[in-house]
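Got your viewer open? Let's walk through this one stop by stop, selecting as we go.

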Amino acid sequence: MSTTVISRSVPTLPEGWSAEKDFKPIGKISAASQRTIEPVGPHYLAHARRARHKRTFSEDDRIQAQERAKKIEENDDSDISEPEDPMMFEREAKDWKSQDHYEVLGLTKYRFKATEDQIKRAHRKKVLKHHPDKKAAAGRVEDDNFFKCIQKATEVLLDPVKRRQFDSVDENADVAQPTKKQLAKGNFYKLWGSVFKSEARFSKVHPVPQFGDEKSTREEVENFYNFWYNFDSWRSFEYLDEDVPDDNENRDQKRHVERKNASARKKKKAEDNTRLRKMLDDCSASDERIKRFRQEANAAKNKKRLDKEAAEKKAQEDARLKKEADEKAAKEAEEAAKAARDASKKAKEAAKTAVKKNKRVLRGSVKDANYFASGDASPATIDAVLGDVELIQAKIDPDEIAALAEKLNGLKVADEIKGVWKGEISRLVAAGKLKEGDVKALGA
């Protein structure tokens, strides 16, 4: 960068100007006076402290500076002091992706609010405590898995991109949606306010409207819900990606993993949007402010206009209901007729099927009895027996066929089967449906 020097000359006094003639004083300097000043507030406390300890100003300033530095150091240490879970020490360094980086560094009470300086100080404190060299000097022989976890946590949280990816999936920072039981006992606005305050960390747009309380105006409540129903979240879920292979030779595998990760991210994003939308629906459904605003809006409308609209609406509704009732009745009548036809058709088909099945049982029974022949049945014998079966079937109705089939079903002994057939022939003869001698083969 270059510098340019510009020379400017002092303007000359007007010709004939003199201090004695042209200078005009506007007042006089008052005489000096001595006054007593008393220190007040913090200055009085400082004065009392110096007087009590017989210190000079410089000595007191130096001692106070030392005490302030010590206090800052103590606060710096307690700022990030959290009890360590012994289970963390059992963690494998290779499983770093599943670890809670804030817990490893003792920053769970800050999480996404932790500053870079706090992360560095937490790292320094953990390193001083868990460095392998320090443990070795103390005679403790341990693996350095947890130390590697500390290093990895620091690496992730000090990298803005990696930290943003981790914060995107940090469920430990979430505030759970209040249950009905909690809402019944607690403050509705405080409980839901904590939830939306937690969710607000994912917003691309700031500032995020506050949830408010029962005193919030209608405009504030509408702005809040409009903002959240159109919420623009930066969550992208890359932290959960499957590791992409570094082998440049296997490019197909690399592209496959990248497509798989992109698809998984898209799915998680959609699920998160659905979760947020349901949460908003649950909140707005029980928000008394919205109910109150609706009631106030309805009460503010003109009663005459409401009556007229109600009458028109009632007429339209009556017409609609009448039309729907007529359509419904016609549809029900049509469906009933169709159901009756279908039922009749099914009954007929079922009856036909049953008859066919029972007739097969009747024919099968004589076949099981070897057509009542002592040896191999001749074709003539088979035809005669089957002819008698057909004759008897023709003389009885489906119910009688079913009853006869039930008697024959399961019988295997020829004499028992023939006995059933003779009994049926006798019944038909007695009923006048058959004559003596009509059935020859079965009646023999």
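One term before we start: two residues are in contact when they have heavy atoms within 4.5 Å of each other. Also keep in mind that this is a predicted model.

**Stop 1: the whole chain**

Show the chain as a cartoon. You'll find 17 helices and zero strands. Now zoom out: along its principal axes, the C-alpha trace spans about 170 × 90 × 55 Å. The radius of gyration is 50 Å, whereas a compact globule of 444 residues would come out near 22 Å.

Switch on a surface next. The chain exposes about 32,300 Å², with carbon and sulfur atoms supplying 52% of that. Of the 444 residues, 26% count as buried. If you count contacts with a separation of 6 or more, 66% of them join residues 24 or more positions apart.

**Stop 2: Ser-216**

Select Ser-216, which sits in the loop between α10 (188-199) and α11. Is Ser-216 buried or exposed? With a relative accessible area of 9%, Ser-216 is buried, because the cut-off for buried is under 20%.

Show sticks here. The Ser-216 side chain reaches the backbone nitrogen of Asp-213 at 3.0 Å. Then bring up what surrounds the serine: setting aside neighbours within four places in sequence, Ser-216 is in contact with Phe-211, Val-221, Arg-289, Arg-292 and Phe-293. Hang on to Arg-292, as we'll come back to that arginine in a salt bridge with Glu-296.

**Stop 3: helix α11**

Move along to helix α11 (residues 218-229) and select Arg-218 and Glu-222. Their side chains meet in a salt bridge, 3.0 Å from N to O. General chemistry helps here: side chains of opposite charge can pair when their charged atoms come close. Which spacing along the helix goes with this pair? Arg-218 and Glu-222 are four residues apart, about one turn of the helix. Color by accessibility and both ends turn out to be partly exposed: Arg-218 has a relative accessible area of 40%, and Glu-222 has 38%.

**Stop 4: helix α13**

Now pick helix α13 (residues 288-300), starting with Lys-291 and Glu-288. A salt bridge joins these two side chains, at 3.6 Å from N to O. How many residues apart are Lys-291 and Glu-288? They are three apart, so about one helical turn separates them. Lys-291 is partly exposed at 34% relative accessible area, and so is Glu-288, at 47%.

Stay on α13 and select Glu-296 together with Arg-292, the arginine that contacts Ser-216. Here the salt bridge runs 3.8 Å from N to O. Glu-296 and Arg-292 are four residues apart in the helix, again about one turn. For accessibility, Glu-296 is partly exposed at 44%, while Arg-292 counts as partly exposed at 28%.

**Stop 5: a charged network**

For the last close-up, select Glu-199, Arg-235, Asp-272 and Arg-275 together. These four are linked in a network of salt bridges. Glu-199 also marks one end of α10 (188-199), the helix on one side of the Ser-216 loop.

Want to keep browsing? How many salt bridges does a search of the whole structure find? The total is 34, with the Arg-218 to Glu-222 pair among them.

Terms used:
Residues numbered from 1 in each chain as written. Predicted model: local features only at pLDDT ≥ 70, side-chain atom pairs only at ≥ 80, totals over all residues. Heavy atoms only, no water. Helix = DSSP H or I, 4+ residues; strand = E, 2+ residues; numbered from the N terminus. Buried < 20%, exposed > 50% of the residue type's maximum accessible area, 1.4 Å probe, protein only. Polar contact = N/O pair within 3.5 Å; in protein donor to acceptor, adjacent residues only side chain to side chain. Rg over C-alpha atoms; globule rule 2.2 N^0.38 Å. Areas by Shrake-Rupley, 256 points an atom, 1.4 Å probe, with all protein chains shown as cover.
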